[in-house]
Amino acid sequence: MSQPQPHARLHPRTIEAVKERADIVDVVGEHVVLKKKGREFVGICPFHDDTSPSMTVSPAKQFYYCFSCGAGGNAIKFLMELQRTSFSEVVLDLARKYQLPVETVDGPQQERLRRQLSRREALLRALALAAGWFRSQLRSPEGAGALAYLSGERGLSEGTIDAFDLGYAPERWDGLLKHLGQVENLPPELLEAAGLVVPRKGGDGFYDRFRHRVMVPIRDRQGRVIGFGGRSLDGGEPKYLNSPETEVFEKGKHLFGLDRASNAIRKDDQAVVVEGYFDVIALHAAGITNAVASLGTALSSQQITQLCRCCDSRRLVLNFDTDGAGVRAAQRAIGAVEQQALQGQLELRVLHLPAGKDPDEFLQQHGAGEYRALLERAPLWLDWQIEQVLEGRDLARSDQFQQAVASLVELLGKLPQSAVRSHYLQQVAERLSGGQARLAQKLEEDLRQQVKGERWHGRASRWEQPGEIGLRERAEAELLRLYLHAGRHRAAIRRELRQRELEDFAIAHHRLLWASISELEEDNLGVGRLEAINRGNDPGDDLADLDLPRLLGDRLLVEENELLNRLTPLLEPSELQRMALAEPLLQLRGTTAVLERQRSLKRCRHLLDAWGSQRLETLERCIARLLEESEAEASAAAALSMESRIDSMFAELNGDALRFQELYYNERRHISHLDRQRCADPVAAARDARG
């Protein structure tokens, strides 16, 4: 991290990043012994001669306060007072601690920053004026149909319509454009930057982005309008049209309704996350005011941080639609927070409403009381995923039984060794056994061994060896660089990643980049088509039409993402790196073989450990046991079959060890196959030599 020049002013981006990252409990807890008391923490105040805990630290409010001396403030203020240092020094120290990029402004930069801040204010003003105009149009004769839709089909009261500032975009090409231009004197270029108008394809003028739609303003935590969601009224596609990402609207950083829900989330100590705007509006209208929506994307770490700061128990309930798209959305959201849930950092639950209803439909038919009752009984995310695996499967059929077992082993393999894992193993065994106690016991032991065999899959560092993390990082970087700059081969890369099960990148910033790539492609092609490409059912030729380096660079720049510096070498490769892209398919096979080989090596180490931990029964022991049994039989037939019986008993008594042995040798053969693929790619071979 570069050292800022003396007297240089810190950029607001750095200050905001530090404020967002520095948790008050962590900061104060480094200097004061804190004890949990209800939803808050208490400790001895360091700012006066305190004899009993008089300082309270609130994680929900990110604030500390001493009831004796009156000291109080945020994490930065605490360190300023404690260390007797300046604001800039504290921010700089925290930025170093959390490894955040430090930006400064000086001279011309300060003037440029002033202009940027002025532009943000202009964009926010344009959006606020647009919200007011949409609201007025809802009460005009043109908006009668939209108002009837809201009050009739949606069943919303006048109070709810006004509370959420719902509006209407008339069926005109330039209604908003003319109003804001002629009445408010706002230039069309500013409206385009705010996401309100779109340039005509011929380059001659602009037209309104939203037409003949019910308009829902999206607000930030401070209640400022930053974007819109528009619901079609004539069946036109898309059904919901959202504002594009702009300088003030970044979907991954905001949650619809959080400005209104934060106090209720804090009071109820729980947040309900739904899919759509009208689900949030319906829940708030029914008195369930701790509901927010994720703006059509999987939950991001920033959204989760915002929610967790509002509730001490960090309890999140996902209530997505029960159709296929809703289930996939829930699975994606779980994937985004799974590691935190596994580590106990938050309590994640999933509410699946019966009869395929979304919250809005369910409330209209059953009311708030039944919804609250279901909310209280919402299962933990792992219980819900187990039900998803078993749902619709006929366990009496061997093929479906095996599929269920394989999926459950993969799911439970994510759990660390603990009482929780034992609980779920017992629960799943009972479900699979159909209530047969002896079978359940046998299944539980079998599942335990299989789950143990699943723990090789790579997230645990136990099977990692020195140098392998760096080798994996370089291989993943080359794979992503190939995807970004060899556009014609993107479909082939996606198919290869799916086939080899390498879509889950191990390096955190690579994983975030791949998620951003997938979101951009989903926005342009649709989720269904992208999944078909992954499976090899769609040629995906138009993936090459997307200028991903430019689009990703714009997105990361707009989001002020600290990962931009780390990812720039992927977006802007050097001349030498471009030369390495000359044989894309050859490099693809070599690089994916490197990654798959690493995974196989880790599995080999696990299997050797598991194999070595087994107590082998010797042939002598097997013969002795059979002789004891055969004394009672003492028949010639028994003597003749002794050899086969010895082999059978040896295999039975040493089943687990023999299985681990077989798996190990299969894995070694697979590694030999991967080595041949690697050696065919000179780039992979050179990388291995460096690693």
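**Exercise 1. The core around Leu196**

Leaving aside its neighbours within four places in sequence, which residues is Leu196 in contact with? Find them, then place Leu196 in its core.

*Solution.* Keep in mind that this is a predicted model.

Step 1: Pick out heavy atoms within 4.5 Å of Leu196, since that is what contact means here. With neighbours up to four places away in sequence skipped, the list reads Ala126, Leu127, Ala130, Leu176, Leu180, Leu191, Asp208, Arg209 and Phe228.

Step 2: Move out to the core. The largest nonpolar core has 61 residues, and Leu196 belongs to the group that touches the most other members, along with Leu150, Phe228, Phe256 and Tyr371. Helix α5 (residues 108-138) supplies the largest share of this core, with 9 residues.

Step 3: Check for another core. There is a second, separate one of 48 residues, and Cys308, Phe320, Val409 and Leu411 are among them.

Step 4: Set that against the background. In soluble globular proteins, nonpolar side chains tend to be buried together. Across this chain of 691 residues, 46% count as buried.

**Exercise 2. A sheet and its edges**

Work out the strand order of the open sheet of 5 strands, and say which strands stand at the edges.

*Solution.*

Step 1: Read off the order, which is β2-β3-β4-β5-β6, with antiparallel pairing.

Step 2: Look at the ends. β2 (35-37) and β6 (72-73) each have a single partner strand, so one side of each has no neighbour in the sheet.

Step 3: Zoom in on one pairing. β2 meets strand β3 (residues 40-43) in the antiparallel sense over 3 bridges. For Lys36, the bridge partner in β3 is Phe41.

Step 4: Now go to strand β5 (residues 63-66), where you'll find Phe63. Is Phe63 buried or partly exposed? Its relative accessible area is 38%, so Phe63 is partly exposed.

Step 5: Phe63 joins Tyr65 and Phe67 in a nonpolar surface patch, and together they have about 320 Å² of accessible area.

**Exercise 3. Salt bridges, one by one**

The structure holds 19 salt bridges. Take the pairs Glu387 with Arg431 and Arg529 with Asp542, and say what parts of the chain each one links.

*Solution.*

Step 1: Start from the principle that side chains of opposite charge can pair when their charged atoms come close.

Step 2: Glu387 and Arg431 meet at 2.5 Å, N to O. Glu387 sits in helix α16 (residues 381-390) and Arg431 in helix α18 (residues 419-433), so this pair links distant parts of the chain, 44 residues apart. Glu387 is partly exposed at 37% relative accessibility, and Arg431 is partly exposed at 38%.

Step 3: Arg529 and Asp542 meet at 2.7 Å, N to O. Arg529 is in helix α23 (residues 527-535), while Asp542 is in the loop between α23 and α24 (548-558), so the pair ties together parts 13 residues apart in sequence. Arg529 counts as partly exposed at 28% relative accessibility, and 28% is also the figure for Asp542.

Step 4: Try Glu347 and Arg349 for practice. Their closest N and O atoms are 2.7 Å apart. At 22% relative accessibility Glu347 counts as partly exposed, because buried would need under 20%.

Step 5: Finish with a network of salt bridges, in which Arg135, Asp165 and Arg219 are linked.

Notes
Residues numbered from 1 in each chain as written. Predicted model: local features only at pLDDT ≥ 70, side-chain atom pairs only at ≥ 80, totals over all residues. Heavy atoms only, no water. Patch = residues over 30% accessible without salt bridge, like charges linked within 9 Å, V, L, I, M, F, W, Y side chains within 5 Å. Areas by Shrake-Rupley, 256 points an atom, 1.4 Å probe, with all protein chains shown as cover. Salt bridge = Lys/Arg side-chain N within 4 Å of Asp/Glu carboxyl O. Helix = DSSP H or I, 4+ residues; strand = E, 2+ residues; numbered from the N terminus. Buried < 20%, exposed > 50% of the residue type's maximum accessible area, 1.4 Å probe, protein only. Core = buried A, V, L, I, M, F, W, Y, C linked by side-chain atoms within 4.5 Å. Pairing = 2+ DSSP bridges.
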